[in-house]
Amino acid sequence: MTANGLPEEGGDPTQFNDDLAPIDKRNRPWGWFEIFNVWTNCTQSLFGYTLAASLFISYGLNGWAVFAGIILAGFLIMIFVNLAGRPSVKYGVPFPVIVRASMGVRGANLPAMIRGVVAIFWYGAQTYIASTAISLLIHSLIEVDSTGTFLSLTAVDWISFGIVWSFQLFLFWKGMEWIRNYLNWAGPAVYVVMIALMVVLWVEAGNSLLSELGIIFHGTGSYSGGPFAAFMAVVGTMVSYYAAVILNFGDLSRFVRGERAMRLGNFIGLPFNIAFFSFIALFVTAGTVVVFGQQLTNPTEIVGRVGSLPLTIISALTFFGATVGINLIANFVPPAYDLSNLMPSRISFRRGGLIAAGISFFVGALWVSIVSTLGIFGFVNTLGALLAPAYGILVADYYVVRRRQLDIAMLFSTDPKGPCYYWRGWNVRALATFSLVAIFSVLAVWWPPLSPLSGLDWIIGAALAALIYVALMKGRRMRL
């Protein structure tokens with residue numbers, strides 16, 4: 001056995017590289033504050049703000065019920081990420097390596113590449129969304145002609161998109177330490193700006209803001225399925241929003257010094273952070289009704305209408321910063337590891353990131369003119385639904401089948417006698433479980449009778465996969 005836990009004999013060098021190898025606990029710089037800021041950036045992105053504000057409007061629930069649903073979702077997400085992150089904290093390896101224990105050293109590429117494809121798609125989309133903040137900044141500073149377009153984007157739009165795409169690639173290329181420092185700056189900065197925006201709107205609206213806040217908070221009770229269905233829809237929507245990060249949380253938790261720091265960061269960063277940010281979003285949305293005469297849930301549009309140049313500049317930069325933050329941790333780092341896991345001897349973490357960035361460039365550049373009009377969301381949502389059984393299998397294998405014990409060397413070995421080789425590198429039982437639950441996951445996206453589940457299909461799919469996997473693996477002697 002080598003110093004980093006890899007096999008000296010019988011191992012397959014095509015199954016590991018330095019980026020996938022275990023990180024020694026002495027070389028892990030992340031603590032609870034870094035994990036907390038993972039979640040602040042996830043919550044505070046442009047899309048995250050729109051989601052938080054929309055929850056108080058779309059389901060017609062009383063505001064207290066919406067907050068209860070948000071907090072419940074935060075606790076559920078916290079539990080899910082603690083379960084997914086613990087093995088990576090213990091062994092120092094990313095998600096694609098941990099999942100080899102259940103799916104097989106080669107079968108792990110199935111869920112990893114599904115996750116990678118979804119991440120690359122959303123990476124391109126979020127890059128375009130972040131570029132709208134830069135476009136707002138440019139327009140606020142100088143007067144430019146916005147009439148001529150190419151692929152539905154103006155010259156300023158193209159420049160903004162290029163800036164965001166290049167900046168993200170720069171941060172990624174500098175490594176995880178730069179990403180860590182960036183997240184620690186972006187998270188607190190957005191809170192400062194959001195509170196400032198709330199104060200500005202409150203001053204503009206006066207006492208009318210509180211009455212409008214009461215109207216939104218009262219709810220309309222208009223959700224077709226009734227109050228309970230609306231409550232569960234709020235919970236399911238929030239869980240679904242974080243589902244992709246839940247699955248590959250090990251990509252981040254492997255850098256944490258210990259489990260206690262991870263759990264504390266998740267505790268502060270999920271239920272409490274989400275609830276506090278949602279309150280600010282509700283307050284600001286009420287203010288837009290009074291000041292602008294309509295409910296605005298897009299923060300870029302809100303800032304653009306406030307009319308304060310200093311606030312516009314600061315807000316554009318910080319919302320851009322937060323959106324870049326979630327894009328890096330949710331949509332850039334994961335496919336870099338997933339692609340590296342596909343061909344470890346040829347694709348490093350950096351090379352995987354370059355491939356992901358190259359593909360996502362075209363997704364983002366063509367977002368307005370082509371991609372968003374193709375109805376491709378159904379395809380991507382279908383792939384995203386398949387992440388639920390992958391999570392259920394991973395958790396069931398580690399906690400129930402293997403009882404929290406892994407032979408880390410065998411995760412990198414193609415020895416036919418090893419516990420992670422199964423049949424030609426594939427665990428047929430895990431594959432059968434994945435396929436069975438995938439039927440439910442796909443139906444939940446496309447079959448109208450299952451639409452009342454409204455986001456809870458992810459939780460149900462993960463639970464079904466865990467139960468079926470444990471049943472199929474029962475009686476198989478695991479060689480740890």
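Is A233 buried or exposed? Select it and take a look: at 1% relative accessibility, A233 counts as buried. (Buried means under 20% relative accessible area, exposed means over 50%, and partly exposed is in between, with a 1.4 Å probe and protein chains only.)

Before going on, note that this is a predicted model, where local features need pLDDT of at least 70, side-chain atom pairs count only at pLDDT 80 or more, and totals for chains, interfaces and linings use all residues. Residues are numbered from 1 along each chain as its sequence is written, and side-chain values use heavy atoms, leaving out hydrogens and water.

**Stop 1: around helix 10**

A233 is in helix 10. (Helices are DSSP runs of H or I with at least four residues, strands are runs of E with at least two, and both are numbered from the N terminus.) Now add L197 to your selection: 36 residues separate A233 and L197 in sequence, and their C-alpha atoms are 29 Å apart in space. Keep L197 and pick I460, which belongs to helix 19 (residues 457-473). I460 is partly exposed, at 31% relative accessibility. From I460 to L197 the C-alpha distance is 39 Å, with their positions 263 residues apart along the chain.

**Stop 2: the cavity**

Select T43, G48, L51, A52, M238, Y241, Y242, I274 and S278, which line the largest cavity. The structure holds one cavity of 30 Å³ or more, and the largest has about 50 Å³ of space. (On a 1 Å grid over the protein atoms alone, a cavity is a set of points where a 1.4 Å probe fits but cannot get out, and lining residues have an atom within 4 Å of a point. Grid points are joined across faces, edges and corners, and the volume is the space filled by probe spheres set on the points.)

Which helices each supply at least two residues of that lining? Colour helix 2 (46-58), helix 10 (227-247) and helix 12 (259-292) to see them. The lining has six nonpolar, three polar and no charged residues. (Ala, Val, Leu, Ile, Met, Phe, Trp, Tyr, Cys and Pro count as nonpolar, Asp, Glu, Lys and Arg as charged, and the others, Gly among them, as polar.)

**Stop 3: rings and charges**

Y241 and Y242 also belong to an aromatic cluster, together with W39, F47 and F249. Over the whole structure, a search finds 37 aromatic pairs. For one of them, select Y398 and Y399: the ring centres are 4.9 Å apart and the planes are at 90 degrees, so this pair is edge-to-face. (Rings of Phe, Tyr and Trp, using the six-membered ring of Trp, pair if their centres lie within 6.5 Å; planes under 30 degrees apart are stacked, over 60 edge-to-face, and the rest tilted.) Y398 and Y399 are both buried.

Next, show R350 and W173: R350 lies over the face of W173, 4.3 Å from the ring centre. Then try F292, where the charged end of R305 sits over the ring, 5.9 Å from its centre. (A charge sits over a ring if NZ of Lys or CZ of Arg is within 6 Å of the ring centre and within 35 degrees of the ring normal.)

**Stop 4: two helices to compare with expectation**

Pick helix 17 (residues 387-401). Its 15 residues reach 20 Å from first C-alpha to last, close to the 21 Å expected at 1.5 Å a residue. (The expected span is 1.5 Å times one less than the number of residues.) Of those 15 residues, 14 are buried, so helix 17 is largely enclosed by the rest of the structure.

Now try helix 6 (residues 109-141): its 33 residues should span 48 Å at 1.5 Å a residue, and its end C-alpha atoms are 47 Å apart, which agrees. Since 24 of the 33 residues are buried, helix 6 is also largely enclosed by the rest of the structure.

**Stop 5: positive phi**

Most residues other than glycine have a negative phi. After helix 17, click on R403, whose phi is positive, near 55 degrees. Move on to the loop between helix 17 and helix 18 (428-446), where you will find Y422. Y422 has a positive phi near 55 degrees and is buried, at 14% relative accessibility. R424 is in the loop between helix 17 and helix 18 too, and has a positive phi of about 55 degrees. R424 is exposed, with a relative accessible area of 56%.

Notes: On a 1 Å grid over the protein atoms alone, a cavity is a set of points where a 1.4 Å probe fits but cannot get out, and a pocket is an open set with protein on both sides within 12 Å along at least five of seven lines; lining residues have an atom within 4 Å of a point.
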